[in-house]
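Open the model in your viewer and keep the selection panel at hand. This tour goes from one selection to the next and says what to look for at each stop.

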Amino acid sequence: MRNLSALRRVDPVGKIEGNVPENMTTQPTASPQSADHKTLLAATDLASVRGERTLFADLNMHVRAGEVWQIEGPNGAGKSSLLRILTGLLAPQAGQIQFRGEPIQNCREAFHAELLFIGHKAGVKAELTAIENLEFYAAVQGQPISAPPYELLEKVGLVGLEDIPAQRLSAGQQRRIALARLWLTDAPLWILDEPFTALDVSGIALLEARFAEHVAAGGAIILTSHQAVNSAHFPLQRVQLRYQY
Amino acid sequence: MWRWLHPYAKSEATFALNQKLLPWFLIPGLVLTIVGVIWGLAYAPPDYQQGESYRIIFVHVPSAIWSMGFYVSMAIAGLIALVWQIRTAELALLAIAPVGAVLTFISLFTGAVWGQPMWGTWWVWDARLTSQLILLFLYLGVMALYVAFEDERAGGKAASILALVGVINIPIIHYSVYWWNTLHQQSTITKVITRFESPSIAPEMLWPLLVNIFAMMALAGALVIMRLNNELLRREVHRPWAQAILNQEKKENQNAV
Amino acid sequence: MQFDSWSAFIAMGGYGVYVWSAFFVTFLCFGILALEAVWRRNKIREEAQRQQARSERIQKAKRESST
Amino acid sequence: MVATRTVFLQLVKRDVRVALRQRSELLNPLIFLLIVVSLFPLGVGPGPDILARIAPGVIWVSALLSAMLGLDRLFRDDFRDGALEQMMLLPVSMEISVLAKIAVHWLLTALPVLLIAPLLALLLNLPTHAWGVLWLTLLFGTPVLSAAGAIGVALTVSLNKGGALLSLLLLPLLIPLLIFATAAVEAAVSGLSAAGPLALIGAFMVLSLTLAPFAVKAGLRVSVN
């Protein structure tokens with residue numbers, strides 16, 4: 001029942017010539033000002049312009065521990081741009097993003113220490129093996145792998161492929177290497193761009209199980225996906241972006 | 001600083017300011033150019049060593065001075081664009097770059113034309129000419145980087161960064177080239193000109209030179225303003241203020257015809 | 001006036017080619033820049049007209065589709 | 001929090017490992033350098049006097065050109081596979097990661113040049129007493145190449161046709177380095193003290209290594225867009 005009530009739909013977040021309702025947050029209880037301590041990431045009045053086109057404007061999000069947010073919208077609506085703005089890779093045209101109440105440009109390092117971002121370019125080095133790729137990311141996240149994470153690779157279905165350079169693996173397998181980072185991190189906030197692409201059914205189920213685990217442990221996830229996300233195990237918030245002309 | 005700059009972050013305000021400034025550059029520029037050129041060509045006395053050929057100085061020195069000056073102003077625009085995220089400053093940078101490059105080209109051309117009667121060769125690896133040549137490359141780099149970007153905002157920012165890196169390098173380049181030139185002794189335009197730049201230069205030559213220096217600054221400044229205004233209108237062609245101005249201009253043109 | 005006649009002025013003591021070509025190229029460059037700026041302005045004006053016509057068409061289409 | 005040092009070392013380790021698995025790309029600029037240097041005797045004639053006179057300039061110009069060839073790799077692969085974004089999201093200041101990239105680039109491109117420098121000097125008949133100074137100019141000068149190169153690559157990495165543009169942006173900026181490096185070697189050849197130009201190259205090295213990371217950071221922000 002709880003899941004159903006959490007499944008709220010946010011309607012047009014994009015702005016057309018200034019006639020948008022003032023408050024677009026999906027938090028009926030908490031207003032942006034009274035963000036409680038559970039709020040991980042708060043975005044206020046975000047706007048993004050690509051070239052001459054406004055992707056979205058006056059976008060507000062309040063991501064709290066234990067929530068999964070799905071950004072929806074057609075191609076070119078600005079989903080990836082929004083995610084990259086939320087990570088701080090891209091500067092928004094207007095608006096502010098706060099992490100634990102602090103503007104992210106003031107706490108970059110602390111924010112990035114608690115953030116895991118996987119874009120559609122996954123950051124997997126083609127010349128390195130799965131294990132070497134994972135060892136690098138584990139080490140720079142501050143959690144060196146003590147024993148080779150064969151179990152982990154087994155979990156994500158890369159058993160026996162750990163010593164082969166990533167370039168000889170299929171797209172889906174390379175994707176799995178990147179996603180294996182989800183089992184190596186204790187970052188509370190995950191931002192994932194199309195995590196389900198190139199994954200088979202078992203991979204998707206595995207990922208959803210991991211999402212549920214993360215959310216139950218007090219994490220939060222922001223993701224984009226063309227697929228419907230099975231929200232049986234966690235509350236799902238949706239943000240709808242529209243294509244703006 | 002920001003408070004002072006902030007109004008001009010709006011294209012409309014910058015455009016209005018430019019429209020007011022334009023006559024103050026254009027009219028004195030044209031008048032001073034006519035005065036300076038006639039004075040320099042016809043009334044200034046000939047040089048006791050070089051005869052009439054020295055008159056090239058009246059275009060060579062102004063263009064050389066302002067090619068450097070415009071690069072610095074371009075870099076300042078780039079700094080403003082990067083630090084305060086002001087888009088009009090990016091546009092100013094892009095308006096200055098081609099004008100500065102043309103000034104650099106003029107100084108190179110006139111230098112070469114001067115070198116021919118003096119030393120019998122079109123090109124001497126003289127310190128001034130060499131550093132002007134490098135300056136031309138720097139200008140070309142900024143412009144090439146800008147046009148290489150599909151996204152004009154990204155191109156503007158990249159060009160700003162490059163202009164700043166360049167302006168840190170310019171004094172180093174300048175002095176290294178002069179040092180290199182003294183290492184490989186040659187008779188040079190630089191020496192000829194430093195003679196004119198010394199305080200002992202005859203006032204009959206100095207005054208027309210000063211007039212020409214100001215004339216070229218005003219004219220080049222007017223060109224920059226025109227380009228900047230064009231760029232402002234082009235970027236905002238869908239905005240009401242720009243359309244109002246363009247419609248107005250169209251009517252005026254039709255009335256004139 | 002430093003020169004006795006027009007022909008002396010043109011000849012520039014034998015350096016006429018150099019002096020005049022230097023001045024000519026300088027003003028040619030400025031002229032080209034100025035003309036380019038004016039020509040560009042005309043282009044922008046045409047572009048603005050196209051834009052206005054287009055946005056009018058879009059408005060019209062919107063009105064028709066909403067009714 | 002992760003120690004800054006750990007991140008630096010991990011980045012260096014990973015990038016060296018990646019580079020060692022594509023050895024041909026590593027060797028090509030070096031072979032290019034050797035070929036260009038050996039073209040000059042063919043072009044200007046093998047007279048030992050001429051060669052010795054032009055040797056400092058030839059070696060340095062060739063080093064500049066071959067550096068341009070290898071620079072691309074500094075960020076291009078990382079940009080394509082997303083490792084650059086991940087690098088920008090590391091929990092350390094970006095200047096540190098940029099310095100790590102510059103250090104790796106220097107290790108992989110400049111160190112081999114330092115190793116074959118005596119060979120180049122030999123080919124061009126450079127007097128033996130100037131070899132030490134040539135080597136020092138390369139030692140101090142190559143970090144400048146890597147640092148300035150990083151700025152250029154950061155600005156052009158998102159462009160498809162970056163190659164020639166990169167040279168257009170960078171070579172004019174590197175002229176002072178060329179002037180002082182060749183001057184130092186020439187001074188050494190004629191038995192004079194090369195301390196002055198060498199000190200200046202050292203100053204360039206310090207200047208570029210301290211300032212370049214900021215410009216690279218700004219450039220990458222523009223490119224990752």
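Which residues of chain C does the UniProt annotation "transmembrane region" cover? According to that record, an unreviewed entry, the annotation covers residues 6–35 of chain C; UniProt positions are given in the numbering used here, feature names are shortened, and annotations may be inferred rather than shown by experiment.

Before you select anything, note that this is a predicted model, in which local features need pLDDT of at least 70 and side-chain atom pairs count only at pLDDT 80 or more, while totals for chains, interfaces and linings use all residues. Residues are numbered from 1 along each chain as its sequence is written, and chains are lettered from A and ligands numbered from 1 in the order in which they are written.

**Stop 1: chain C and its side towards chain B**

Select residues 6–35 of chain C, a span that is 87% helix and 0% strand, with its end C-alpha atoms 31 Å apart. Helices here are DSSP runs of H or I with at least four residues, strands are runs of E with at least two, and both are numbered from the N terminus.

Now add chain B to the view, where 36 residues are in contact with 27 residues of chain C; two residues are in contact if their C-beta atoms, placed from the backbone, lie within 7 Å. On the side of chain C that touches chain B, the largest share, 20 residues, comes from helix α2 (residues 16–66) of chain C. By class, that side of chain C has 17 nonpolar, six polar and four charged residues, where Ala, Val, Leu, Ile, Met, Phe, Trp, Tyr, Cys and Pro count as nonpolar, Asp, Glu, Lys and Arg as charged, and the others, Gly among them, as polar.

**Stop 2: chain B**

Hide chain C and look at chain B by itself, which has nine helices and zero strands. The C-alpha trace of chain B spans about 60 × 45 × 30 Å along its principal axes. Of the 257 residues in chain B, 49% are buried; a residue is buried if 20 or more other C-beta atoms lie within 10 Å of its own, exposed if 12 or fewer, and partly exposed in between, with C-beta atoms placed from the backbone. Among contacts in chain B between residues at least 6 apart in sequence, 79% join residues at least 24 apart.

Next select residues 24–184 of chain B, for which UniProt, in an unreviewed entry, lists "domain: Cytochrome c assembly protein". Over these residues chain B is 83% helix and 0% strand, and the end C-alpha atoms are 45 Å apart.

Then colour helix α5 (residues 127–148) of chain B and helix α6 (residues 152–183) of chain B, whose axes come within 9 Å and cross at roughly 170°. Axes are lines fitted to C-alpha atoms, for helices over the stretch in contact, and angles run from 0 to 180 degrees between N-to-C directions. The helices α5(B) and α6(B) are therefore roughly antiparallel to each other, since angles over 145 degrees count as roughly antiparallel, those under 35 as roughly parallel, 65 to 115 as roughly perpendicular and the rest as oblique. The residues of this contact divide into 13 nonpolar, eight polar and no charged.

**Stop 3: two helix pairs in chain D**

Move to chain D and select helix α7 (residues 131–156) and helix α10 (residues 195–223), which pack at an angle of about 15° with their axes 7 Å apart. Therefore α7(D) and α10(D) are roughly parallel to each other, and their contact has 19 nonpolar, six polar and no charged residues.

Keep α10(D) and add helix α9 (residues 175–189) of chain D, which packs against α10(D) at an angle of about 150°, with their axes 8 Å apart. The helices α9(D) and α10(D) are therefore roughly antiparallel to each other, and their contact has 12 nonpolar, no polar and no charged residues.

**Stop 4: chain A and one residue**

Finish with chain A, which has seven helices and 10 strands, and in which buried residues make up 42% of the 245 residues. Is E109(A) in helix α3 (residues 108–113) of chain A exposed or partly exposed? With 14 C-beta neighbours inside 10 Å, E109(A) counts as partly exposed. Leaving aside its neighbours within four places in sequence, E109(A) is in contact with P91(D), V92(D) and S93(D).
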